[in-house]
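Student: I am new to this structure and would love a close look at one part of it. Could you take chain B slowly, and then show me how it sits beside its partner?

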Amino acid sequence: MSRRVPPALLVPALVATALSLAPVAYLVVRAAERPDAALGVLLRPRTAELALRSLGLAATVTAACLVVGVSLAWLVVRTDLPGRRVWGALAALPLAVPSYVAAYTWIAAFPDISGFWGSVLVLTLCTYPYVYLPVAAALSRLDPALEEVSLSLGRGRAAVVLRQLRPSAAAGALLVAMYALAEFGAVSIMRFDVFTTQIYTSYRAAFDRTPAAVLGLVLVVVTFVVVLAEARTRGRAAYALRGTPARRRVAVRTWKAPVLAWAGLVAALAVGFPLVSIGFWLVTGTSRGLDLDTLASATAATLGVSGAGALLTAALAVPVGVLAARHRGGLARFVERAAYVAHALPGIVIALSLVFFAVRYAYPIYQQWPLLVLAYAVLFLPAAVGAVRASVLQSPPVLEEVARSLGQSATGALRRVTLPLALPGVLAGTALVFLTAMKELPATLLLRPTGADTLATRLWTETGSGSYAAAAPYAALLMVLAAVPGFMLGRRET
Amino acid sequence: MSGLKVAGIVKAFSGTPVLRGAAMEVADGDLAAVLGPSGCGKTTLLRIVAGFERADAGSVLIGGAEVGHLPPEKRRVGVVPQDAALFPHLSVARNVGFGLPRGSRERIAECLELVGLDGYGRRMPYELSGGQQQRVALARALAPRPGVVLLDEPFNALDRSLRTSVRDDVRAALKAAGATAVMVTHDQEEALSMADTVAVMREGEIVQQGDPVRLYSAPADVGVAAFVGEAVVLDGVSADGTVTCALGTLPTSPTSPTSPTFGTAPATGSLPALDTLPALDTSPATGRRGAGRVVVRPEQLLLSAGGEATVERVEYYGHDAAVTVRLPCGTPVRARTRGDVPHRPGDKVTVRVDGSVLFYGEIVR
């Protein structure tokens, strides 16, 4: 395709780029303004302690997710476990449970669970599908001949299977680790102090916000180190995945009872328990009366700000996605990569930098809805750009060329051919952003107008003050909202 | 409608030259074929004419006006891509009307009729067969009355059985519209049977352009001779209108050109200046003395029973057959004969040459 980018694409794409890069840039500027103070925060023993706590949590959760995810994937895909299809569907379901909702259900039932192990439990149950899904997919495509060769050479099955699963398991583990590092809601409900919660506290408590900025930067650095480490362990071996070969399943035989118990336990803890707990508190709460006004205003605020966020995100994602799909060269690559930077940034860091930014340069929108809408756009731009790019790639460039030869300008060809064809994908991506934004907690908590609430902040506040029954309707609504994208995606695949 | 002239087109992709001064000319209303092996740069040449790529050097003239600096939408060039590339979200009628102002219903109907698809306007592209899609793509390209229509291997995606009939339809529609057209193909049969003029492309250059008959009977060099049809190539020594080779002493073709010629130059006398044409490596020379190469077409070789040559292999194709014969000097040659060939491997035969042969004074690639 042509190297020249039409201005109708370039200008909005550059705006999106600026918006995506602004948070990190601003944190750096902010910390550099007072280097002494920044260095002081950095060298405090407390900072090292927080780093250890965050990394320890991420490492433990990742290890636990690998055990749960790989074992379930192997049982579902490669054994004759009774009820495999049901277990398979159940295993992916926890993705629909927002982690802070899960944390709420656990702490409401067992107040003593708070702390490190409570956080590990909740995060593992919510994020093991990130390992389960890619590993199950890789297992079902694995060539059984490799296993048979290994068996015939006396090396057993596990050696070759585990080696072949490494890339998919590592990719899943990376997602889990990043999720755990960035997690705010669940750990704060579990009252386990890590980087994110400390950033929030020092932002709220102190007049001097340099510590928050420095901690945010450290968290960004830690996250990038994890990403780089994962890329290095991937190694250079080639991984042969073929079509879907016919295979014999491994018989579970005498292991049937313990294996069934394991699959059942995971499903019960990850899906069953939150539902039962919410149901219990919902019944307890409604018998005591329901504050419908607050619920209605929180729902309205959630729908409004998430809708605006989704629209802005889509408006920015379309030019970036088209650029990424249709143009090569340094500029297009830079714009696309910049949009993905936010992917590795914890929500609380993005929110924090936007606060700093608004206080100094855009005071009128400080603690107003527009700032939160902007934060959603930065946070969810990666997901939306991915959706736009994929759907634009589905319409072949030759169609644009034909449109050009029939008298359309580059922009006209985009408007009359490529965008109409990409529209379903763009709409699906926008809907996904909308639903994800409704569940967003840390940025919403920092950036919402004073006194205003969304479903997520309301749940967080009520849980924090021990009003578990009052929190139940919010948890129930959030669970329903979270189930929608899973339902949509499921329908698409069939 | 108007003629097309490209001259001195140079194009490199990240340092790798793809076109090295390609030049050709198509008269108003003619159908030209650019014939070349895959990777020779013919599609790139087409994309440069369409404006999808910019040439590093050279000029593109449509109706005598330079268009090399214009974006595609300003060039009035219609395009028929390899797989039709109909807009999948638009009906056939809206596809054809894409390049027309709103409400051009009559022109749409006219164009659909031109390609034999009247009444198909309401269908969606996925409801059409491959051949029908290709014809809609042609109607869409013709609708805005472009100066030139470009077809990029338009029959590649079609079944062999369908190809012949779609070829006829496309040629008829182009002729009925009076369109100047350039078609890219690697299929010499397609090029020779459809086009008014054929340009042979090799390694980024047009090595010869001419009408099909002339191209086949008087190729510019051995390479072109072998590319536009099957050829038996032998060493030979020429003297006074004859050449002596393994097949005996044979008359050389009186039609062999003595200089690089663009065979069907437009009758108006707008023959491209020679200095804008690519230099040819060599040219067949009549009456030139010396050692060189002889090109004989397999269908010129006539076999009769009894003689010094030995039949090695018979490939039977039904309508004809290819017989490989080893000459007494040890050189194998391939002859085309009727299908009911009486010879069997091991038979002794005599090989005779019908008509005159081509002689090239120098050995070329």
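Tutor: Happy to help; we will go through chain B piece by piece, and then turn to chain A and the contact between the two.

Please keep in mind that this is a predicted model. Let us start with the overall plan of chain B. The domain assignment gives domain 1 (4-206) and domain 2 (231-259 + 281-365) in this chain. The centres of domain 1 and domain 2 of chain B, taken over C-alpha atoms, are separated by 38 Å. There is also a UniProt record to set beside this: an unreviewed entry lists residues 4-228 of chain B as "domain: ABC transporter". In the model, the span of residues 4-228 of chain B is 33% helix and 27% strand, and its end C-alpha atoms lie 23 Å apart.

Now look for the sheets. One of them is an open sheet of 4 strands in chain B, with the order S2-S1-S4-S5 and antiparallel pairing. At its edges are strand S2 (16-26) and strand S5 (65-66) of chain B, each of which pairs on one side only. Strand S1 (residues 4-13) of chain B runs antiparallel to S2(B), and 8 bridges join the two. To find this pairing on your screen, look for B:Ala12, which stands opposite B:Pro17 in S2(B). A helix belongs to this picture too: helix H1 (residues 42-50) of chain B packs on the sheet and touches S1, S2 and strand S4 (57-62) of chain B. The direction of H1(B) makes about 115° with that of S1(B).

Another open sheet in chain B has 6 strands, in the order S6-S7-S8-S3-S9-S10, and its pairing is mixed. Here the edge strands are S6 and strand S10 (205-210) of chain B, each pairing on one side only. Neighbouring strands of this sheet are turned by 20° against each other on average, direction ignored. Within the sheet, strand S7 (residues 148-152) of chain B pairs with strand S8 (residues 180-185) of chain B in the parallel sense, over 5 bridges. A handy landmark is B:Leu150, which has B:Val182 of S8(B) opposite.

Further along chain B there is a hairpin to visit. Strand S16 (residues 320-326) of chain B and strand S17 (residues 332-338) of chain B pair in the antiparallel sense over 7 bridges. B:Ala322 has B:Arg336 in S17(B) as its bridge partner. Between the strands of this hairpin there are 5 residues, and B:Gly330 takes a positive phi near 100°.

Next, where do the chains meet? Chain B and chain A each bring 15 residues to the contact. Strand S6 (residues 77-80) of chain B, with 3 residues, gives the most to the side of chain B that touches chain A. You have met S6 already, as an edge strand of the sheet of 6 strands. By class, the side of chain B that touches chain A has 11 nonpolar, 3 polar and 1 charged residues.

Finally, let us step across to chain A. Its assignment gives domain 1 (1-25 + 290-494) and domain 2 (34-235 + 255-280). Their centres, taken over C-alpha atoms, are 24 Å apart. In chain A, 26 residues of domain 1 are in contact with 30 residues of domain 2. On the domain 1 side, the elements that give two or more residues are helix H16 (347-361), helix H20 (442-447), helix H21 (455-464) and helix H22 (468-493) of chain A. H22(A) supplies the largest share of that side, 10 residues. The side of domain 1 of chain A that touches domain 2 divides into 22 nonpolar, 3 polar and 1 charged residues.

One helix pair in chain A rounds off the tour. Helix H14 (residues 292-326) of chain A and helix H19 (residues 410-439) of chain A pack at an angle of about 140°, and their axes are 8 Å apart. The crossing of H14(A) and H19(A) is right-handed. Among the residues that make this contact are A:Gly307 and A:Ala310 of H14(A), together with A:Val426 and A:Phe434 of H19(A). The residues of the contact of H14(A) with H19(A) comprise 10 nonpolar, 6 polar and no charged.

Terms used. Residues numbered from 1 in each chain as written. Chains lettered and ligands numbered in written order. Predicted model: local features only at pLDDT ≥ 70, side-chain atom pairs only at ≥ 80, totals over all residues. Contact = placed C-beta atoms within 7 Å. Nonpolar A, V, L, I, M, F, W, Y, C, P; charged D, E, K, R; others polar. Domains from an automatic or database assignment. Pairing = 2+ DSSP bridges. Axes fitted to C-alpha atoms, helices over the stretch in contact; angles between N-to-C directions. Left-handed = near helix turned anticlockwise from the far one by under 90°. UniProt positions renumbered as here; feature names shortened; annotations may be inferred.
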